[in-house]
Each structure stands twice: as C-alpha cells, then as structure tokens.
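Good morning, colleagues. Please look at the sequence and the model on the screen while I speak.

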Amino acid sequence: MSSKSNDQGRAYEYICLHTLNNAIGRIRNSEIEKNSCYEAAEHAWNTLSGAEKALYTLSAKSTIDTIFALEPNIIEKENDVLKLYIQSDEHGEVADVRDIIIQRKDIVWEIGLSIKHNHMAVKHSRLGKVLDFGEKWYGIKCSYDYWNEVKPIFDFLDVEKSKGTYFRDLNSKEDDVYVPLLNAFMREVKKQVENDSSIPRKLVEYLLSKYDFYKVISIDSQRITTIQSFNMYGTLNLPSKTQAPTLEVPVIDLPTSLLYIGFKPKSKTTVIMSFDNGWQFSFRIHNAKEIVESSLKFDIQIAGIPADVDVKFNCKW
C-alpha cells in the first residue's frame with residue numbers, strides 16, 4: 001500500500017472512531033481511549049483537505065444506523081462506560097485485522113471493525129528469501145524442498161538488487177521470477193495440506209482473522225459504504241439484555257479442505273485457492289518497489305465466500 005493510501009486509511013479510521021463515539025455518546029456513556037495509533041490517525045486526518053474531510057465524514061455517518069441495528073449492546077443504556085480505540089497494525093501479523101475495537105468490560109463484550117478506504121484487499125503478505133510463510137500462516141515451517149526450490153530465484157534477485165536493477169528492466173520477470181516462485185508456493189501448500197487436515201481452516205483464519213469482525217469499506221466514487229460481517233466464531237450480532245438485533249447476520253462455516261490450487265486462467269501472476277464451504281481467494285504476486293529486492297508481495301483478495309452468508313449492507317450517502 002502506498003504512503004498516501006495508508007494515510008487515507010488512517011484518516012478514515014479517525015473519523016469513523018469519532019463519528020461512532022459522538023453517536024453513542026448521545027445515548028449512553030462512551031469514551032475514546034487514546035494511544036499512539038490514535039495519534040497517528042489524528043495526524044493523518046489533519047493532512048486532509050476540507051473537501052476530503054467532508055467526504056470522509058459523510059461516509060462514516062452513513063454507517064451508524066446499520067451498526068446500531070446489528071449490535072444492540074452498543075446502545076444498551078447501562079451505567080458502565082463503553083470504550084473505543086484504534087488497534088496497532090501489528091495485530092494484523094497475528095491474524096487480528098480489526099482496526100477499531102468497541103468494548104464493554106463490565107459484560108465482557110467487544111466487537112471489531114476492519115476499516116478500508118477504497119480498497120478490498122484482505123492481506124499484503126510476502127514471500128522472501130528468509131520469510132517462512134508456512135510458519136507464519138498456519139504454524140508449520142516450510143519444507144527443505146521449498147527452500148531449495150526458491151533459493152535460485154532469490155539468489156538471482158539478490159544479484160540484481162546489488163546492481164540497482166529496476167524490476168521493469170528484467171528480461172522476463174514473470175517467467176524467471178513469478179511463475180517458478182508461485183509453483184514452489186503451490187507445491188508447498190498442497191504438500192502441507194496433505195499432511196495436516198487442519199491447514200485449510202488455519203489458512204483462512206490467517207487470511208481473514210482469528211476474531212470476528214465487520215468490514216467497513218468506503219467506496220467514494222459510488223457514495224456507498226458497505227458493511228460486511230465475518231461472523232466465524234459467533235461473537236457478532238448478539239442480543240443485549242433488553243433488545244435483539246434488528247438486522248441479523250449468520251455464522252459462517254470455515255473450510256475443512258482445499259479443493260483446488262492453481263494459476264488463474266491466462267495469468268502468470270495470480271494463484272487461485274478454492275476451499276469447501278464456498279471459500280475462494282486470489283493471490284496476485286507483484287513487486288512492491290520499483291528497484292529489485294529479495295522479497296515479493298501478495299495482493300490477496302476474497303474471490304468467493306459461502307453464498308448463503310454473503311450478506312452486505314450498503315449505506316448510501
């Protein structure tokens with residue numbers, strides 16, 4: 001993600017946080033817990049123009065009624081103080097994609113929002129010379145066969161990096177780098193899935209989250225903010241003591257098996273993984289920087305989720 005996109009994302013987190021707190025504060029006691037992540041978001045917000053701030057505010061305000069309808073524990077009138085805060089990006093490294101946490105400690109309840117501004121990617125993971133994706137993604141170290149297969153590719157990149165070569169100047173980066181690296185990646189995933197039936201579930205937990213969350217995506221060009229639930233563990237959409245949710249979302253079944261892994265048709269850069277229960281992900285590999293470096297980045301997108309639980313709420317503004 002570019003520095004500008006990152007700042008826009010942080011700014012959108014800031015206004016979503018304040019918009020929620022202001023709306024909740026008109027109903028019950030709430031407060032924002034400020035931390036270093038809050039300060040970074042506030043700084044990003046202050047870099048926006050007046051017109052951008054107005055746009056972001058409209059987007060954030062459009063979500064309030066839907067969030068309240070989904071989560072009656074937010075607006076339950078009790079004497080405890082509801083807290084909101086922004087999580088650090090480091091939580092994403094341990095499969096927690098929630099950016100904003102809404103929490104009531106007196107009833108041991110919390111929900112999380114993953115805040116996106118004009119982008120849909122779920123992860124930007126890397127493959128690298130010493131990056132063990134298997135250990136990080138599903139808790140099993142990559143095999144010697146994988147490391148032996150990728151070593152010549154990363155050695156080649158190291159040589160080009162030392163020359164200051166640009167990726168665009170490589171004779172055939174797709175055939176020399178992307179295709180062999182993705183083939184090694186696919187062989188490793190297939191091998192480990194054959195050895196351990198828990199990996200499909202762990203993979204999707206890594207790609208999505210080990211915690212339930214709502215994904216909030218502002219699509220400025222369409223003047224729509226979408227809210228999508230990822231209720232894998234049944235902690236979202238719970239009733240309060242006095243009220244049931246007026247909007248309902250189902251619990252999603254995580255996968256138990258990998259059905260297919262292979263290149264997207266007519267592509268040398270994108271791998272498709274299909275699982276049971278309707279899950280599908282695309283992994284597009286690319287160079288994150290112009291100058292050659294010895295790691296490459298995935299743009300990982302959800303290509304399909306179970307049809308009967310693909311529930312999105314479009315908030316127009």
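I shall discuss the open sheet, then a cavity, and finally a buried strand and its neighbours.

This is a predicted model, in which local features need pLDDT of at least 70, side-chain atom pairs count only at pLDDT 80 or more, and totals for chains, interfaces and linings use all residues. Residues are numbered from 1 along each chain as its sequence is written, and side-chain values use heavy atoms, leaving out hydrogens and water.

Let me begin with the sheet. Seven strands form an open sheet of mixed pairing, in the order S1-S2-S3-S4-S6-S7-S12. Its edge strands, S1 (30-32) and S12 (312-316), each pair on one side only. From one strand to the next, the twist averages 20°. Strands here are DSSP runs of E with at least two residues, and helices are runs of H or I with at least four, numbered from the N terminus; two strands pair if DSSP finds at least two bridges between them. Within this sheet, S4 and S6 (residues 213-219) are parallel and share five bridges. Lys116 stands opposite Ile217 in S6.

Next, the cavity. What does a search of the whole structure find at 30 Å³ or more? It finds one cavity, with a volume of about 50 Å³. A cavity is a set of points on a 1 Å grid over the protein atoms alone where a 1.4 Å probe fits but cannot get out, and lining residues have an atom within 4 Å of a point. The volume is the space filled by probe spheres set on the points, which are joined across faces, edges and corners. Helix H1 (3-25), helix H4 (64-70) and strand S4 (109-117) each supply at least two lining residues, and H1 gives the most, with three. Among the lining residues are Cys16, Thr63 and Val216.

Finally, strand S9 (residues 270-275). Six of its six residues are buried, so S9 is largely enclosed by the rest of the structure; buried means under 20% relative accessible area, with a 1.4 Å probe and protein chains only. Thr270, Ile272 and Ser274 point one way, while Val271, Met273 and Phe275 point the other. S9 is joined to S8 (residues 258-263) by five antiparallel bridges, with Phe263 opposite Val271. S9 also pairs antiparallel with S10 (residues 280-286) over five bridges, where Phe281 is the bridge partner of Met273. In the hairpin of S9 and S10, which has four residues between the strands, Asn277 takes a positive phi near 65°.

Thank you for your attention.

Conventions. 1 Å grid on protein atoms, 1.4 Å probe; cavity = no way out; pocket = protein on both sides within 12 Å on 5 of 7 lines; lining within 4 Å. Axes fitted to C-alpha atoms, helices over the stretch in contact; angles between N-to-C directions. Buried < 20%, exposed > 50% of the residue type's maximum accessible area, 1.4 Å probe, protein only.
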